[in-house]
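Colleague: Got a minute to walk me through this one? I'd like to get my bearings before class.

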Amino acid sequence: MNFQVDFLSFFVIQVDGKEGQGGKSYKHYATMDDYDYDESDVKKFLDGEFTRISKRKVEKNPSTEQAPTKIGRFIVEPEHDLSSNPNFNMFARLRAAEDKEDFKNACDDLVRMYLDTSAVRGGALIIVQATLNTHSDDPFIFVLKCDFEPKIARISESSLVSEVEMAISARNMKSIMYPYMLEEGMHDEWELKIHQSSHARYFEDFLKFVTYEQSMPEIVNEHVLGFVQNYVESKWPDAANEERQQEERELELWAASEKRDLQEKWEPLQVVEAAQQIVELKPEIEVRFKLDDAAIRGLLSDFGAKLHITKLHDRYALIIEGDAFTFEKGFSPIELLQPESFATVAERLQEKHQQDAEAASEDTPPW
């Protein structure tokens with residue numbers, strides 16, 4: 001994939017203070033056409049970046065809530081078209097520019113909007129109109145943000161080593177690509193792709209009229225809470241019922257907790273049926289939990305089939321079925337084990353529980 005740069009504008013943003021709390025300003029350094037760009041050092045700096053950005057993998061429903069790369073979609077009111085969206089109009093103007101002056105003016109408007117972003121930091125903002133000539137004459141817009149790298153040094157004759165006052169690096173570059181390229185030669189004018197540090201929200205703050213699909217954890221949470229609400233409403237149809245209100249309070253506390261215990265409210269079949277509805281959305285969805293110090297990570301689809309949770313009197317037990325073990329890194333004597341039968345282990349656990357119960361009763365004072 002070889003993008004041909006039509007126009008490029010290079011700006012430097014200056015921010016006083018941290019996290020954009022001080023004064024903010026910008027300076028336009030240059031606007032180039034394709035001939036200027038081919039002869040410039042910027043070409044060497046950006047060589048290969050456009051292809052990397054376009055090929056960067058992204059999911060509509062990311063596997064984590066803090067995914068750095070996302071697909072955004074322009075928001076419009078019902079029965080309105082894309083031209084009613086201010087963010088779309090900004091990109092459309094950049095795509096429509098046919099000379100350096102028009103492109104520079106459109107970029108000025110974008111930079112001024114970007115300065116209103118709450119988390120804006122100093123650095124270089126590079127705005128590019130580029131064409132993938134092998135497929136279409138429709139241009140793409142790339143917005144590239146490079147933060148300053150104050151600790152980068154250069155060699156000089158006078159002081160041997162000196163610090164560059166305003167160095168930038170393509171490493172950790174944030175980017176917007178519009179329109180989003182579904183695959184080579186196919187794009188959707190309703191969508192764009194953003195890439196930013198997972199802890200920052202530069203572009204989500206900047207593009208106020210763009211929405212993003214929920215991550216899979218958010219979708220799963222929403223489904224589980226829906227199952228819970230249906231369960232409560234079906235068990236206690238009367239909203240004024242005291243038991244229902246108590247149950248709702250307990251479930252509200254459970255949902256708000258970062259670390260949660262096993263609730264012991266549903267029968268195994270109910271859990272399997274609820275899990276199956278989530279698995280239909282994404283078959284490879286994972287489940288993670290801990291039993292005391294043992295961390296378990298597997299597929300939700302395995303619950304009830306290969307992964308079983310059971311009670312061993314007043315304690316819990318976990319049963320995991322599989323065809324083969326795989327050990328990695330450091331050796332362990334467990335790797336030499338000749339496994340006992342399930343029945344033998346179950347019997348031994350029962351006997352151990354009986355012995356523990358008898359020992360506890362002997363230690364209990366008669367009064």
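**Strands first, then the surface**

Modeller: Sure. Strand 1 and strand 4 (residues 123-131) run antiparallel, joined by 9 bridges. Keep in mind that this is a predicted model.

Colleague: Okay, which residue in strand 4 does S9 stand opposite?

Modeller: That's I127.

Colleague: And what about strand 1 and strand 2, how many bridges do they have?

Modeller: They pair over 9 bridges, in the antiparallel sense, with strand 2 covering residues 24-33. For a concrete pair, take F7: its bridge partner in strand 2 is D33.

Colleague: Is strand 1 mostly covered or exposed?

Modeller: Mostly covered. Strand 1 spans residues 4-15, and 9 of its 12 residues are buried.

Colleague: Switching to the outside: which residues make the nonpolar surface patch?

Modeller: F325, F327, I334 and L337 make that patch, and its area is about 510 Å².

Colleague: Where is L337 found?

Modeller: L337 sits in the loop between strand 16 (315-320) and helix 10 (342-363).

Colleague: And why does L337 count as exposed?

Modeller: Because its relative accessibility is 58%, and the cut-off for exposed is over 50%.

Colleague: Last thing, what does UniProt place at residues 261-349?

Modeller: The UniProt record, an unreviewed entry, has the feature "domain: DUF3898" there.

Colleague: How much of that span is helix, and how much is strand?

Modeller: Residues 261-349 are 25% helix and 27% strand. The C-alpha atoms at the two ends of the span lie 23 Å apart.

How values were computed
Residues numbered from 1 in each chain as written. Predicted model: local features only at pLDDT ≥ 70, side-chain atom pairs only at ≥ 80, totals over all residues. Heavy atoms only, no water. Patch = residues over 30% accessible without salt bridge, like charges linked within 9 Å, V, L, I, M, F, W, Y side chains within 5 Å. Areas by Shrake-Rupley, 256 points an atom, 1.4 Å probe, with all protein chains shown as cover. Salt bridge = Lys/Arg side-chain N within 4 Å of Asp/Glu carboxyl O. Helix = DSSP H or I, 4+ residues; strand = E, 2+ residues; numbered from the N terminus. Buried < 20%, exposed > 50% of the residue type's maximum accessible area, 1.4 Å probe, protein only. UniProt positions renumbered as here; feature names shortened; annotations may be inferred. Pairing = 2+ DSSP bridges.
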